[in-house]
Every structure is written in C-alpha cells, then in structure tokens.
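Here are a few short exercises to work through with the model open beside you. Try each task before you read its solution.

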Amino acid sequence: MSVELQHREDLVRFGRLVHEQGFVSACDGNLSVRLDSHRILATPTGVSKGMMQASDMVVVDLHGKRVEGEREVSSEIAMHLTVYRVRPDIHAVVHAHPPTATGFASAGMALDQPICSEVVVTLGAVPLAEYGTTGTPELSASLLPYVHDYDAILLSNHGTVTYGTSLMHAYLKTEAVEHFAKIMLVTLQLGQQRTLSPANIRKLVEARRNYKGNNSLASMPVGPLEKPDRDLEENLDKLKAILREEDILASRKR
C-alpha cells in the first residue's frame, strides 16, 4: 500500500471515529494530513465523516487550491493550512465540534484551569481563540496567537482544532479535550475546583519531558491563561503578511 493510500484509509478510519464518538454530526468537521512540503490531503465538504471512502479525499496545495480529487474541499481548509504553516512539525489536523468542549467555547470559557494532572502533561491548557467567521480568513487569524505554543485550541462559538505529528495523535488530542471538558463541567456543577499547586505543576511539566507519549514541540503552557494583547484585526494583518512572504519566496523559486 502506498503512503498516500494509507493516509486516505486513515482519514476514513478517523473520520468514522470522530463521527461515532459524537464529536461531529451531519457533515460537520474536517480532517487533513500533510502529504509533503506542498500538498495536503483533506476530507471533502458535504459528506458525513462517518460515511467517507478513500476515493472521496481531496488533495490541495498550500493555498487551498484543489489539485486532485472529484469532490470539493471544505472552506475551512485555510485553518488547517495556517496550522501547517506555523508548525512545520505538524502532519495532521482535526477540526470537530465535540459537544462539551464546544459548550465551553460557546460560553466564552477556556479549558485552562490546572485541575487534572493528565491534562497538564498532555495538553498544558486549551486556550480559547477569538471568534472568527467560518470560511473566512478571520478563522485562521484567530488561531495565530496560540498555534505555536499549543496542540489544541477552542474556537469561540464554533468547536475545536487539534493537531499532531500523525492523524492518531491529532485525533487523540480531540478526545483528550472533550474528556477534560466533561471533567471541568462536573467541577462547575459541584461548585468546587481544587487546582494543582505551583510545585505540583512544576513536577508535572518536568515529567512531561520524559513522557514517551509526548512528541510535541509545543511548549504547552499551563493555565490560567491571560488573553493575548493582539486583536483579530492585528492577527489578520499578520496572516496576510505571512501569505505575502510565501508568495515572494515562491516567485523567487520559479
């Protein structure tokens, strides 16, 4: 089996898992894998992630232009491309709408309280990105303050995006975010949270360095988090600058 065919089968497999776990409904969500330095393999738009076939996948370039495939790619592919641009170590992205985590995102609440040791080790915290309209550059721009340092982000009033060195790692981070959101919700319902002490957090961060399951290059700071100073307009300008620089470099190579 070729590498690309394996990636296609993996997208089918994890798309089905995302759907079966209730992380998406109907035709929601999208997944992608980096094929090489200039091509991304992505799930198609308008198809249930639980009903895809390997032949449904779409190959796009780093500008989101379709270069192979019969179906259309999601308008949210730009969000995936932003992650790949900022993080050369990332090889797969999962965007979903897990109900509990999306509930926090819709309530304007980051998942950044250090109450669970496993989450400190695997994610650090899960920041909340500023709202960006789906299918527009705003959505990509909203990620810029967080992509470099985190492997999972809540999208305000929208859902989640997670990413990793493989599709397995990206999917598992979605599971971890939703699991943490459920734990956070229970503590809020109980009306009490017992956060980890700074000393215990330091020990966990040190343990993270030796954790074999951690292959991320992100620093994954632990919360509570402060809101970044930059606003969405500033991040849009930064995104445009990144794209202009890419175009300049591409023209020099011609």
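The exercises below go from one helix to a glycine, a charged patch and some backbone angles.

This is a predicted model, in which local features need pLDDT of at least 70, side-chain atom pairs count only at pLDDT 80 or more, and totals for chains, interfaces and linings use all residues. Residues are numbered from 1 along each chain as its sequence is written, and side-chain values use heavy atoms, with hydrogens and water left out.

**Exercise 1.** Find the buried residues of helix H3 and name the elements that they pack against.

*Solution.* Start with the terms: helices (H or I, at least four residues) and strands (E, at least two) are DSSP runs, numbered from the N terminus. Buried means under 20% relative accessible area, exposed over 50%, and partly exposed in between (1.4 Å probe, protein chains only). Next, go through H3, residues 99-106: Thr100, Ala101, Thr102, Phe104 and Ala105 are buried. Then look at what they pack against: strands E6 (128-129), E7 (152-155) and E8 (159-164), together with helix H6 (167-190). Finally, step past the helix to Gly108, which follows H3 and has a positive phi near 75 degrees.

**Exercise 2.** Is Gly29 buried or exposed, and which residues beyond its neighbours within four places in sequence does Gly29 contact?

*Solution.* First place Gly29: the loop between helix H1 (3-20) and strand E1 (30-36) holds this residue. Its relative accessible area is 10%, so Gly29 is buried. Now list the contacts (heavy atoms within 4.5 Å): with those sequence neighbours set aside, Gly29 touches Val24, Lys49, His95 and His97.

**Exercise 3.** Which residues form the negative surface patch that includes Glu234?

*Solution.* Patch members have over 30% relative accessible area and no salt bridge, and like charges are joined within 9 Å. A salt bridge is a side-chain nitrogen of Lys or Arg within 4 Å of a carboxyl oxygen of Asp or Glu. The patch consists of Glu130, Asp231, Glu233, Glu234 and Asp237. Check Glu234, in helix H8 (residues 232-253): its relative accessibility is 42%, so Glu234 counts as partly exposed.

**Exercise 4.** Where do Ala26, Asn157 and Pro224 lie, and what is notable in their backbones?

*Solution.* Keep the background in mind: most residues other than glycine have a negative phi, and most peptide bonds are trans. Ala26, in the loop between H1 and E1, has a positive phi of about 50 degrees. Asn157, in the loop between E7 and E8, also has a positive phi, near 55 degrees. Pro224 sits in the loop between helix H7 (198-210) and H8, and a cis peptide bond with omega about 0 degrees joins Gly223 to Pro224.

Key
Patches are made of residues with over 30% relative accessible area and no salt bridge: like charges are joined within 9 Å, nonpolar side chains (Val, Leu, Ile, Met, Phe, Trp, Tyr) within 5 Å. Accessible areas come from the Shrake-Rupley method with a 1.4 Å probe; for residues, only the protein chains shown count as cover. Lys and Arg count as positive and Asp and Glu as negative; His and the chain ends are not counted. The place of a charge is taken as NZ of Lys, CZ of Arg, CG of Asp or CD of Glu.
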